[in-house]
Amino acid sequence: MLALVAAGVGAAFVPAGAARVAPRPVVVTPIDHPGAEWEVAVVWNRDRPHPMTAHFLGLVRKTA
């Protein structure tokens with residue numbers, strides 16, 4: 001996502017921790033609002049299975 005922003009494709013919502021790895025000239029501005037929440041999801045390409053994907057999904061299911 002940060003690479004797309006750096007390439008000028010647009011803007012994005014990212015975790016605030018992205019500021020530590022954001023390339024120049026990307027600016028990460030915290031959203032300080034009590035209503036701001038962050039829900040996440042896992043995405044993967046089911047047409048390109050990989051053993052690490054299955055392992056990662058197993059770990060996610062254990063902690064969810």
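How do the residues of the lining of the largest pocket divide into nonpolar, polar and charged? Here are a few notes on that and on the loop around it, with the reminder that this is a predicted model.

1. The lining of the largest pocket splits into 15 nonpolar residues, two polar ones and one charged one. In total, 18 residues line this pocket, and its volume comes to about 430 Å³.

2. If you would like to find the pocket's centre on screen, look for Phe-13, Val-14, Ala-16, Thr-29 and Ile-31, the lining residues that lie nearest to it.

3. Ile-31 deserves a second look. Its place is in the loop between α1 (2-6) and α2 (51-63). Its relative accessibility is 53%, so Ile-31 counts as exposed, the cut-off being over 50%.

4. Ile-31 also belongs to a nonpolar patch on the surface, together with Phe-13, Trp-38 and Val-40. The accessible area of these residues together is about 520 Å².

5. One backbone detail to check: the peptide bond joining Arg-24 and Pro-25 is cis, with omega at about 0 degrees. Most peptide bonds are trans. Pro-25, too, lies in the loop between α1 and α2.

Definitions and conventions: Residues numbered from 1 in each chain as written. Predicted model: local features only at pLDDT ≥ 70, side-chain atom pairs only at ≥ 80, totals over all residues. Heavy atoms only, no water. Patch = residues over 30% accessible without salt bridge, like charges linked within 9 Å, V, L, I, M, F, W, Y side chains within 5 Å. Areas by Shrake-Rupley, 256 points an atom, 1.4 Å probe, with all protein chains shown as cover. Salt bridge = Lys/Arg side-chain N within 4 Å of Asp/Glu carboxyl O. Helix = DSSP H or I, 4+ residues; strand = E, 2+ residues; numbered from the N terminus. Buried < 20%, exposed > 50% of the residue type's maximum accessible area, 1.4 Å probe, protein only. 1 Å grid on protein atoms, 1.4 Å probe; cavity = no way out; pocket = protein on both sides within 12 Å on 5 of 7 lines; lining within 4 Å. Points joined across faces, edges and corners; volume = space filled by probe spheres on them. Nonpolar A, V, L, I, M, F, W, Y, C, P; charged D, E, K, R; others polar.
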